[in-house]
Amino acid sequence: MSVKLNFILLKKIPKIKELRIWINWLNDFEVVKYSEQRFKEHTIKTQKFFLRKKLKEKKSLIFRIFNNKEFIGVLELGSINLVHKTCEIMYFIGEKKYWYKKIGTKLVYFGANYAKKKLKLKKIITSVYKKNKGSLKVLRNNKFKIAGVLNKNFIIYKNKELRDDQVILEKFL
Ligand SMILES: CC(C)(COP(=O)(O)OP(=O)(O)OC[C@H]1O[C@@H](n2cnc3c(N)ncnc32)[C@H](O)[C@@H]1OP(=O)(O)O)[C@@H](O)C(=O)NCCC(=O)NCCS
């Protein structure tokens, strides 16, 4: 499968066809099992509301990721702080057939490079569930370093007895 990635900066609410694909990913437990999104039910209405708020705040840049013309995932540079020159990176590949093809590694590279070259930021951070081995690997491939661990900071599967560590990672740009 040949992959040609395109990162398209979100400037307005996407068409309904794309919103439907997006909310299907957000309602797919496998895709969001290590994300706070799993606690909500996502509809076209909630997604439009969320995106309008993001676009208005101007603290985030959201990129829709395409392989040729197929919408396959989302990347966000959030909490952009132009005083301290920092931001946070968040991402997911919603189309599961594209997992394990180095796309995660490439999209984090794109985000860090954009933060450095276009936004002139000095540091990028993120945090992941310790159980999320794929995401940790993608970040390590991009030379993110572990800055700290918050022990048993997240609940898993809504079961308060099962908890996971929150790993905080950073990369100087
Ligand atoms: C996590 C995610 C971005 C990984 O993307 P990907 O394109 O499959 O990752 P890559 O192909 O670049 O893989 C990078 C490395 O991680 C490994 N890996 C990927 N997924 C893995 C998994 N679930 N478990 C263990 N290792 C995994 C790969 O084998 C590869 O190893 P290598 O560098 O030694 O060859 C993707 O699975 C995803 O979007 N998941 C759902 C959302 C999510 O978890 N987002 C991150 C929230 S912090």
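This text walks through a predicted model, from its sheet to the helices and the ligand shell.

The sheet is a good place to start. It is open and built from seven strands in the order 1-2-3-4-5-7-6, with mixed pairing. Strand 1 (5-9) and strand 6 (145-156) lie at the edges; each has a single partner strand, so one side of each is left without a neighbour in the sheet. From one strand to the next, the twist averages 25°.

Next come the individual pairings, taken across the sheet. Strand 2, made of residues 61-67, pairs with strand 3 in the antiparallel sense, and seven bridges hold the pairing. One of the residues involved is N67, whose bridge partner in strand 3 is E70. Strand 2 and strand 3 form a hairpin with two residues between the strands, and in this hairpin N68 has a positive phi near 50°.

Strand 3 (residues 70-81) also pairs with strand 4 (residues 86-93); these two run antiparallel and are joined by seven bridges. Two residue pairs help to locate the register. G78 has E88 in strand 4 as its bridge partner, and L75 stands opposite Y91 of strand 4. The hairpin of strand 3 and strand 4 has four residues between the strands, and K85 there adopts a positive phi near 60°.

With strand 5 the direction of pairing changes to parallel: strand 4 and strand 5 (residues 123-129) are paired in that sense over three bridges. In this pairing, C87 has I124 of strand 5 as its bridge partner. Between the two strands the chain passes through helix 4 (residues 103-117), and the resulting β-α-β crossover is right-handed.

At the end of the strand order, strand 6 pairs with strand 7 (residues 159-172). This pairing is antiparallel and has eight bridges. Within it, the bridge partner of I155 is R163 in strand 7.

The helices can be considered next. Two packed helices are described by the angle between their axes and the distance between the axes. For helix 4 and helix 5, the axes come within 9 Å and cross at roughly 50°. The two helices are therefore oblique to each other, since an angle between 35 and 65 degrees is neither roughly parallel nor roughly perpendicular. The crossing of helix 4 and helix 5 is right-handed.

Several of these elements meet again at the ligand. Which elements each supply at least two residues of the shell around the ligand? They are strand 4, helix 4 and helix 5 (133-141). Helix 5 gives the largest share, with six residues. There are 21 residues around the ligand, and those that come nearest are F92, G104, T105, G134 and K137. By residue type, the shell contains ten nonpolar, seven polar and four charged residues.

Strand 4 thus appears in several parts of this account: it pairs antiparallel with strand 3, pairs parallel with strand 5, and contributes to the shell around the ligand. Helix 4 likewise carries the chain from strand 4 to strand 5, crosses helix 5 at roughly 50°, and supplies residues of the ligand shell.

How values were computed:
Residues numbered from 1 in each chain as written. Predicted model: local features only at pLDDT ≥ 70, side-chain atom pairs only at ≥ 80, totals over all residues. Pairing = 2+ DSSP bridges. Right-handed = clockwise from strand over helix to strand, strands pointing away. Near = placed C-beta within 6 Å. Nonpolar A, V, L, I, M, F, W, Y, C, P; charged D, E, K, R; others polar. Axes fitted to C-alpha atoms, helices over the stretch in contact; angles between N-to-C directions. Parallel < 35°, antiparallel > 145°, perpendicular 65-115°, else oblique. Left-handed = near helix turned anticlockwise from the far one by under 90°.
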